[in-house]
Amino acid sequence: MDHFNYVDGQLCCESVPLARIVADVGSPCYVYSYATLRRHYEVFAAALAGADPASAGTAPRRERTLICYSAKANTNGAVLAALAQLGCGADVVSGGELFRVLLAGIPPERVVFSGVGKQEDEISAALKAGILMFNVESEAELALVDEVAGRLGRTAPISFRVNPDVDAQTHPYISTGLKESKFGVPIDRAPELYARARALANVEVRGIDCHIGSQLTRLEPMLDAVRAVLDMARRLQAEGFALTHLDIGGGLGIPYKDGDAPPAPAAYGKAVFELFAEYEDLDLTLVCEPGRVIMGNAGVMVCRVLLEKQSRSKRFVVVDAAMNDLLRPSLYNAHHTLLPVIEPSADAPRTPADVVGPICESGDFLAKDRALPPLASGELLVARTAGAYGASMSSNYNSRPRVAEVLVRDDRYAVVRKRETYEDLVRGETIPKWVRER
Ligand code: LLP
């Protein structure tokens with residue numbers, strides 16, 4: 001469910017026509033819907049807390065649930081601030097993300113820090129901020145966290161990210177739970193690592209964590225992983241480890257095109273809630289790190305058709321957005337539904353076209369062989385489901401300034417990130433005198 005719909009033949013975000021936003025801020029741009037992100041957060045949070053999302057006002061049956069939005073999906077400050085206001089925490093994977101979420105007002109005690117290569121300065125900043133816990137991914141990292149905490153005279157709350165060796169059945173680049181993956185520690189080594197952690201002076205064992213991948217479209221692998229981690233938590237508690245938190249990671253998939261039917265957030269939340277209920281005696285706070293499911297369908301990227309060209313065998317639509325603005329099609333062959341901003345007539349002929357950007361690479365495309373109506377130069381097109389891993393993965397490749405980001409709420413909108421200028425592109429560069437010496 002989202003708030004991007006045609007109203008009188010014009011594609012709108014909530015009550016604002018996208019054409020009006022582009023007339024104001026230019027193209028390309030990202031546009032996010034506040035109502036959508038809020039709804040996604042609330043439905044997800046309610047389901048995991050055991051409340052019935054269909055009947056408003058139902059009291060959650062599980063108070064101890066913490067949603068830590070995975071900031072990497074969309075790190076825009078206004079998005080983070082909106083989620084902070086709703087009571088959401090954050091999952092961060094870098095010092096930069098930590099800086100952003102704290103700036104946006106997410107309380108440090110709702111922040112978890114994941115990632116295989118945390119560096120000293122990042123660990124130190126997180127310790128000083130007082131985050132909920134570090135999801136530690138290796139023995140070497142455990143030693144580093146202990147050392148940095150010791151130096152600062154603090155105790156680092158940690159959990160281990162365990163790798164349950166479950167096939168998440170998703171794109172190989174975003175599958176993380178198999179034993180050959182770089183992530184986490186093998187689940188069968190967990191007891192040994194927890195024992196090691198207990199012997200260290202500056203860490204406090206707080207939880208256990210897993211994350212098996214992203215864009216997961218089947219419940220079974222996720223539930224298998226959670227059950228394996230719950231079983232391990234039971235064993236560790238029996239061995240005297242005072243675990244208080246169990247973090248199930250993120251990963252729930254979303255529909256990108258008609259016919260996609262990933263588990264609904266409510267179904268996923270209910271299944272996890274019920275599984276947790278079987279382990280109620282462990283008295284664990286459930287932590288979850290959703291990214292895509294909150295933001296994916298809360299954002300679109302708008303671009304403009306520059307021209308059409310026809311090769312001997314192919315129709316190309318060249319647009320002003322490129323792989324540097326939305327990388328997912330090029331990197332994962334991902335599908336983003338494309339819609340003209342002016343609703344085409346139902347009987348307009350649709351013929352297959354490659355929609356491509358101006359970047360000098362054949363891999364620069366937004367869509368391949370997509371059935372599209374005739375498109376005139378200047379027409380606006382929207383790539384849907386671009387609110388997660390869209391702007392946050394954009395770059396300046398080909399010296400293209402990063403595009404503007406806009407947040408809409410009802411009939412209001414604001415530019416929440418300005419389009420970069422050419423000056424922004426060279427900011428921070430210097431040309432030493434001697435490069436000009438002959
Ligand atoms: N927690 C951890 C430890 C993660 O690594 C991730 C995502 C998440 C949570 C959030 O997963 P989500 O709920 O968004 O699926 N760039 C790729 C996705 C990469 C995901 C990386 N980790 C894409 O565009 O599909």
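Contact is taken here as heavy atoms within 4.5 Å. The structure described is a predicted model.

Strand β6, residues 89-92, is covered on both faces. Gly89 and Asp91 are buried on one side. Ala90 and Val92 are buried on the other. In a regular strand, side chains alternate between the two faces of the sheet. Strand β5, residues 65-70, runs parallel to β6, and 3 bridges join the two. Within this pairing, Ser70 stands opposite Asp91 of β6. Between β5 and β6 the chain passes through helix α3, residues 77-85, and the resulting β-α-β crossover is right-handed.

Strand β7, residues 111-113, is also parallel to β6 and is joined to it by 3 bridges. Here Val92 has Phe113 of β7 as its bridge partner. Helix α4, residues 95-103, lies in the connection, and β6, α4 and β7 form a right-handed β-α-β unit.

Helix α4 has a buried side and an exposed side. Glu97, Leu98 and Val101 are buried. These three residues lie on the same side of α4 because they cover an arc of only 100° around the axis. Phe99 and Leu103, on the other side of α4, are exposed. The buried residues of α4 pack against two helices, α3 and α5 (120-129), and against strands β6 and β7. Just after α4, Gly105 adopts a positive phi of about 100°.

A separate sheet is formed by β1, β2 and β3. The sheet is open, has 3 strands in the order β1-β2-β3, and is paired antiparallel. β1 (4-7) and β3 (16-17) each have a single partner strand, so one side of each is left without a neighbour in the sheet. Both therefore stand at the edges. Strand β2, residues 10-13, is antiparallel to β3, and 2 bridges connect them. In this pair, Cys13 stands opposite Val16 of β3.

Val356 belongs to strand β17, which spans residues 351-356. Its relative accessibility is 15%, so Val356 counts as buried, the cut-off being under 20%. Neighbours within four places in sequence set aside, Val356 is in contact with Phe316, Val317, Val318, Val319 and Ala321, and also with Asp364 and Phe365. Asn135 is 221 residues away from Val356 along the chain. The C-alpha atoms of these two residues are separated by 40 Å.

The ligand is surrounded by 18 residues. Ser214, Glu289, Arg328, Tyr332 and Tyr389 are the closest. Polar atoms of the protein lie opposite both oxygen and nitrogen atoms of the ligand. An N or O atom in the side chain of Glu289 is 2.6 Å from a ligand nitrogen atom. For Arg328, an N or O atom of the side chain is 2.6 Å from a ligand oxygen atom. Gly251 contributes through its backbone: one of its backbone N or O atoms lies 2.8 Å from an oxygen atom of the ligand.

Conventions:
Residues are numbered from 1 along each chain as its sequence is written. This is a predicted model: local features need pLDDT of at least 70, side-chain atom pairs count only at pLDDT 80 or more; totals for chains, interfaces and linings use all residues. Side-chain values use heavy atoms; hydrogens and water are left out. Buried means under 20% relative accessible area, exposed over 50%, partly exposed in between (1.4 Å probe, protein chains only). Helices (H or I, at least four residues) and strands (E, at least two) are DSSP runs, numbered from the N terminus. Two strands pair if DSSP finds at least two bridges between them. A crossover is right-handed if, with the strands pointing away from the viewer, the path from the first strand over the helix to the second runs clockwise. The arc is that of the directions from the helix axis to the C-beta atoms. A residue is near a molecule or strand if one of its heavy atoms lies within 4 Å of it. A polar contact is a pair of N or O atoms within 3.5 Å; within protein, one must be able to donate a hydrogen and the other to accept it, and residues adjacent in sequence count only if both atoms are side-chain atoms.
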